[in-house]
Structure formats: C-alpha cells, structure tokens
Amino acid sequence: MTTYTFEDSQDFARKADAEDALRSFREQFHFPPGPDGKPVVYLAGNSLGLQPKNAARYVQEEMEDWARFGVEGHHHGRHPWLHYHELVTEQAARLVGAKPQEVVVMNTLTVNLHLMMVSFYRPTKERFKILVEGGAFPSDQYAVASQARFHGFDPREAVLELKPRAGEETLRTEDILATLEQHGHEVSLVLLGSVNYLTGQAFDIPAITRAAHAKGCFVGFDLAHGAGNLKLSLHDDGPDFAVWCSYKYLNGGPGSLGGVFVHERHARSKDIPRFEGWWGHDKATRFQMGPHFDALPGAEGWQLSNPPILQLAALRASFELFDQAGMAALRAKSERLTGYLEFLLDKLPPGYVRITTPRDVKQRGAQLSLRFQGDAPSMLKRLSDAGIICDFRKPDIIRAAPAPLYCSFTDVYRFVKTLEGHARG
C-alpha cells in the first residue's frame, strides 16, 4: 500500500495541485458560483456530479439534427440515433472493467435493478432469501422487498440484512463471508452496494462473489457509488450482474441514464427469464417487426426501448473525460486526495468530528462520512455560506467526496480550514 506524506499548509496543497497530472480536467467542468461569486468547493459529486462543459454542445448537436432531419436523424445525423448508445459502450466497459458485450447503458438504476432481479432472483421454497447490507440505499431496500413479495414471500423472512458488530459502524468482510457460510444454502441472491452510500465503505467484490458462488447463489452489485469512483474489474471478479447510475461520479446530469453489466457466461443463455422489449431483439431482424423475441447476446439483450438520445449526448461528454484520464490514474489521485482530507481532519480539535468511513483505502472510495459535535444541518449551512458544497444525511452525517476528476488539494485544504475556524470559535 502506498504511503503518502502530507503537510498542513496551503503551500503544500498548491504544490500538490501544480504536480497533479490530472489537474487540467478541472477546467472541463462548470462550477456553481458561491455567495462571493467565485467557484464553490464542490464535495458533493457523490450526490450529483458537475456538468462537463461539452455536455451542452453535444446535446445541442442532437437538437440541431432533430430539427434538420426529423425521423431521418436515426440514419443521417452526425451521430445516427439508431446506434447512438453504442458510442458509449466501450467507454462504459472500461469504466467498470468489463468486456463491451457485458455492458449496456440504459434506463435508470432501480429500473435496471428490477430487470436484473427478474433474471437472477429465482427463489424456491428452500432457497428464497436475498442477502443485503443493512442500511442499503432505500430504493434498493424497496426493490428487494417488493421482489420478495412479488414471489409470494414475506420480506421479513426473505430479506437477510448484514449488520455491523455492536459498537461498530461498518461491516467486516469476515462477517459477510461467515454469514454466507452459515446461510448460503438459503440464499438465492446476494445483492450489495459496491460502496455503501451512507458509510462510504467499499466491499470486497471478488471475495464476496467467490464465497456466494461457492454456495450456489447468484451475485449482483449496485455500483451507484462505485462506478467512476473505484477501479472496478467486474469481468475478472465474476459477479453475475451489476447496475449503476451515472449522475453521481459519472457526471451524466440529474436523472441521467444508468448502466448494466451481465457477465459473459450468461451472454447466450436461453433459460434465463427476462422482461423483453424490442430494443433487446437481434439487430439483424429487429425491424422485421416479427412476433417472437430473439435476444441479442450479452447485456444488450436486456434492453427494452430505444434510448433517450439527449441524455446519452450529455453522458458522452463525461465518458470522454473518464476515458482520457483513465480509472487507474483517477483512483491513484483519489487515494491521495482523500488521504489528504483524512490527514487534515485528524488535526482538528479532539472530539470535534469523527470519520465513520473505513481508514483502509481498500475499503473506501472518495467519500468520507463525518459525524460532528452539535447540529449537522447548521454546519452544512455554515459551509454553504462559505462557498463549500457537501451533502447531509439524517440524522447527523455530512458526506464529503473530493471527486478526483475536478476536485483539488486546495479545495480540500479550504474545506478543512473552514471547519477549523468554526471548531476554534
């Protein structure tokens, strides 16, 4: 593990920014203005990423082609809409460590999660449980409970939640594996977030996948806080599926399209149940409009409808930046940047703030979840007044995420020095 040396000084932060090989990407984003009219310190990319400057241009191009060509834009635009979603397929695959055939950008996260559970949650009387982390994002909780009910099971019995040990706030990998060893024969599906939205804990995808498969379970991951944040290797790690959104670290815009990974071992499986739609039909015969569905091989076979081009256009702008930077370089910067945030927070007066995210860099991404003495919403307001945007989760957690594509060491320094000024009164 790389060991970093930090200094508590503005000169150090400025020097680190000057030496940052990825510093130019910051100029490719729009920063909201703060109360003083200057760009804010934006540490909320784990909630909604900033807008890439090229997003408006790419969307406008498609608006112009719509006006110019009408329906013919499907074939004759600058980027014909018929194949538009394929412009981001290889980029999405590189982002999550997959083969192009294993990924597709479509729908939104919870829609995709339900589609995947149609295929990979196949309960029986003996094996009907879904193993999830306690405190998963509410939409995931609602989705798994409703799937259990749909299949005739009581969610109180079918949904098995992993809980931290008494006095701890995050899960231990050995406890997850022990639960699988004890209850795996009852579990139909293991479904975890790759990074928990509240604690910021990143789970060990390969170890959990191996243990679950050894017990005969299907395995899926919600990458809402993992895609664009961690360096993922989905193909090699081998989960059956994964889903993600693209409005957080992936900067696709509010409500932007999500993505799906389906491992290639399922690419041509004919016995997997799925909900079917015409865009998942074999491209060679799709427009023959026949009555029988013939699924495309790979993740594309789970598509339902033709995709929204304007949302894809905005997402293209961000994916191009990720492709240029590369996830390995972004992850390396993220570890150092978040490590600097941790270093500075530890220098605040004792008891003022507590970091609840794991200290081990292998168990976290860019986000640190912070518990403050006193009124957290009031603290959030003080930060906003100082031109610093973070994120609050009830009852008392402020989440700070220095996204490496556009955040700087100076941003981190300014954030903590603002906290220090409040702490010292």
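Me: What does E264 count as by relative accessibility?
Reply: At 32% relative accessibility, E264 counts as partly exposed. Buried means under 20% relative accessible area, exposed means over 50%, and partly exposed is in between, using a 1.4 Å probe and protein chains only. Bear in mind that this is a predicted model: local features need pLDDT of at least 70, side-chain atom pairs count only at pLDDT 80 or more, and totals for chains, interfaces and linings use all residues. Residues are numbered from 1 along each chain as its sequence is written, and side-chain values use heavy atoms, with hydrogens and water left out.

Me: What does E264 form a salt bridge with?
Reply: Its partner is K99, with the closest N and O atoms 3.1 Å apart. A salt bridge here is a side-chain nitrogen of Lys or Arg within 4 Å of a carboxyl oxygen of Asp or Glu. K99 sits in the loop between helix 4 and strand 4, while E264 is in the loop between strand 10 and helix 11 (309-325), so the pair ties together parts 165 residues apart in sequence. Helices (H or I, at least four residues) and strands (E, at least two) are DSSP runs, numbered from the N terminus. K99 counts as partly exposed too, at 36% relative accessibility.

Me: Why can charged side chains pair up at all?
Reply: Side chains of opposite charge can do that when their charged atoms come close.

Me: How many salt bridges does the structure hold?
Reply: There are 33. Among them is K15 with E19, where the closest N and O atoms are 2.5 Å apart. Another one is K270 with D294, at 3.9 Å between the closest N and O atoms. K270 and D294 are both in the loop between strand 10 and helix 11, 24 residues apart. K270 counts as exposed at 67% relative accessibility, and D294 is partly exposed at 32%.

Me: Which residues do shared salt-bridge partners join into one network?
Reply: E169, R354, R371 and D396.

Me: New topic, the sheet with 7 strands. What's the strand order?
Reply: The order is 4-10-9-8-7-5-6, in an open sheet with mixed pairing. Strands count as paired if DSSP finds at least two bridges between them. Strand 4 (103-106) and strand 6 (159-162) stand at the edges with a single partner strand each, so one side of each has no neighbour in the sheet.

Me: How much are neighbouring strands turned against each other?
Reply: By 20° on average, direction ignored. For angles, axes are lines fitted to C-alpha atoms (for helices, over the stretch in contact), and values run from 0 to 180 degrees between N-to-C directions.

Me: And which helix packs on that sheet, touching strand 4?
Reply: Helix 4 (residues 89-96), which also touches strand 9 (241-244); its direction makes about 115° with that of strand 4. Contact means heavy atoms within 4.5 Å. Helix 4 is mostly covered, with 6 of its 8 residues buried: T89, Q91, A92, A93, L95 and V96. Those buried residues pack against strand 4, helix 10 (234-237), strand 9, helix 11 and helix 12 (327-345). Just after helix 4, G97 takes a positive phi of about 70°.

Me: Which strand partners does R399 have opposite it?
Reply: S369 is a bridge partner of R399 in strand 15, and D391 also stands opposite R399. Strand 15 pairs in the antiparallel sense with strand 12 (residues 368-372) over 4 bridges and with strand 14 (residues 391-393) over 3. Strands 14 and 15 form a hairpin with 3 residues between them.

Me: Which way do the strand 15 residues point?
Reply: I397 and R399 point one way, I398 and A400 the other, and all are buried.

Me: N251, buried or exposed?
Reply: Buried, with 2% relative accessible area. N251 is in the loop between strand 9 and strand 10 (258-262). Leaving aside neighbours within four places in sequence, its contacts include F29, L50, S318, F322 and Y406.

Me: Last one: which residues make the nonpolar surface patch?
Reply: M63, W66 and L310, over about 290 Å². Patches are made of residues with over 30% relative accessible area and no salt bridge, joining like charges within 9 Å and nonpolar side chains (Val, Leu, Ile, Met, Phe, Trp, Tyr) within 5 Å. Areas come from the Shrake-Rupley method with a 1.4 Å probe, and for residues only the protein chains shown count as cover. W66 is in helix 2 (residues 53-69) and is exposed at 52%.
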